[in-house]
Amino acid sequence: MRYARTARACGRLVLLLLLTATALLAPAPRLTPTATSAPAAPTPDPLVPTVGRAWPVGLRPPVLRGWEPPATRYGRGHRGVDLAAPAGAPVRAVAAGRVSFAGRVAGKGVVSVELAGTGDPPLRVTYEPVRASARKGDEVEAGEVVGTVEAHGSHCTGACVHWGLRRGDTYLDPLSLLPPWLLRKGPSRLLPVLGVPLPS
């Protein structure tokens, strides 16, 4: 009886040690762009000039889901980026252009802006779900408010704005519109060096 209990206890201990070793030796999980709030700078796209001068929402919103181009025209993917934004937050034009659509599509508020000076056909950005304050035909400047985030209609678990970019029928990464200084997290900060006397 005592031998059987000791054998079971040893068996449990060995199992626990094996599980612990497996957990410790497993490779660290790799964060995907959809799980980070700081996207890597996109590879420059020759089709997309860096004309952006403002984020659509906030100063530096977390990217909830990044650009995932589909393998085929009708394939699965994510044709834009999702930016965290509370309901009622202002949505701004990322660059100067003309509002080409402001209305509802499948129950969602949508605003589209054709960007000035971006070729033929011009680049077109789309924001949804947005309650439009701009109207079709309005000329807008970078940073100008075109609407507010709607509380409903988002495909995110929380409130967000889906920001898309197209040239004709081709979807492109909207983050490639932004220059590197807008993609960075913020200004560099100097930290004190311990043990080094301050100059007198």
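This note goes through a predicted model, point by point.

1. **A sheet of three strands.** β3, β9 and β7 form an open sheet, in the order β3-β9-β7. The pairing is antiparallel. β3 and β7 are the edge strands, and each of them pairs on one side only. On average, neighbouring strands of this sheet are turned by 40° against each other, direction ignored.

2. **The β3 side.** Strand β3 covers residues 90–92, and strand β9 covers residues 145–149. Three bridges hold this antiparallel pair. To check the register, start at Pro90: the residue opposite, in β9, is Thr148.

3. **The β7 side.** Strand β7 spans residues 130–132 and runs antiparallel to β9. Three bridges join these two strands. Arg131 has Thr148 of β9 as its bridge partner. Ala132 stands opposite Gly147, again in β9. Thr148 is therefore a useful residue to display, because Arg131 is its partner on the β7 side and Pro90 stands opposite on the β3 side.4. **Two cis peptide bonds.** Which peptide bonds ending at a proline are cis? One runs from Asp120 to Pro121, with omega near 0°. Another runs from Glu128 to Pro129, with omega near -10°. Pro121 sits in the loop between β5 (108–115) and β6 (123–128). Pro129 sits in the loop between β6 and β7.

5. **A positive phi.** Ala106 is not a glycine, yet its phi is positive, near 55°. Where does Ala106 lie? The residue is in the loop between β4 (97–105) and β5. Is Ala106 buried or exposed? Ala106 counts as exposed, at 81% relative accessibility.

6. **Salt bridges, overall.** How many salt bridges does a search of the whole structure find? The search finds five. Side chains of opposite charge can pair when their charged atoms come close. Three of the pairs are taken up below, among them Arg98 with Glu114.

7. **Arg98 and Glu114.** The closest N and O atoms of this salt bridge are 3.0 Å apart. The pair links distant parts of the chain. Arg98 belongs to strand β4 and Glu114 to strand β5, with their positions 16 residues apart in the numbering. Arg98 is partly exposed, with a relative accessible area of 31%. Glu114 is partly exposed too, with 23%.

8. **Arg65 and Glu68.** These residues form a salt bridge with closest N and O atoms 3.1 Å apart. Arg65 has a relative accessible area of 30%, which makes Arg65 partly exposed. Glu68 is at 28% relative accessibility and counts as partly exposed.

9. **Arg166 and Asp169.** Here the side chains meet in a salt bridge of 3.3 Å, N to O. Is each partner exposed or only partly exposed? Arg166 is partly exposed, at 22% relative accessibility. Asp169 is exposed, at 52%. The cut-off for exposed is over 50%.

10. **The largest pocket.** Rolling a probe the size of a water molecule over the atoms shows where empty space is left. The largest pocket holds about 230 Å³ of space. Its lining is made up of Arg79, Ser112, Arg124, Thr126, Glu128, His155, His162, Gly164, Leu165, Arg166 and Tyr171. β6 and β10 (160–167) are the elements that give two or more residues to this lining.

11. **What the lining is made of.** Which element gives the largest share of the lining of the largest pocket? It is β10, with four residues. By class, the lining divides into two nonpolar, five polar and four charged residues.

12. **Links between the points.** Two lining residues return from earlier points. Arg166 lines the largest pocket and also meets Asp169 in a salt bridge. Glu128 lines the largest pocket and also begins the cis peptide bond to Pro129.

Technical notes: Residues are numbered from 1 along each chain as its sequence is written. This is a predicted model: local features need pLDDT of at least 70, side-chain atom pairs count only at pLDDT 80 or more; totals for chains, interfaces and linings use all residues. Side-chain values use heavy atoms; hydrogens and water are left out. Two strands pair if DSSP finds at least two bridges between them. Buried means under 20% relative accessible area, exposed over 50%, partly exposed in between (1.4 Å probe, protein chains only). A salt bridge is a side-chain nitrogen of Lys or Arg within 4 Å of a carboxyl oxygen of Asp or Glu. Axes are lines fitted to C-alpha atoms, for helices over the stretch in contact, and angles run from 0 to 180 degrees between N-to-C directions. On a 1 Å grid over the protein atoms alone, a cavity is a set of points where a 1.4 Å probe fits but cannot get out, and a pocket is an open set with protein on both sides within 12 Å along at least five of seven lines; lining residues have an atom within 4 Å of a point. Grid points are joined across faces, edges and corners, and a volume is the space filled by probe spheres set on the points. Ala, Val, Leu, Ile, Met, Phe, Trp, Tyr, Cys and Pro count as nonpolar, Asp, Glu, Lys and Arg as charged, and the others, Gly among them, as polar.
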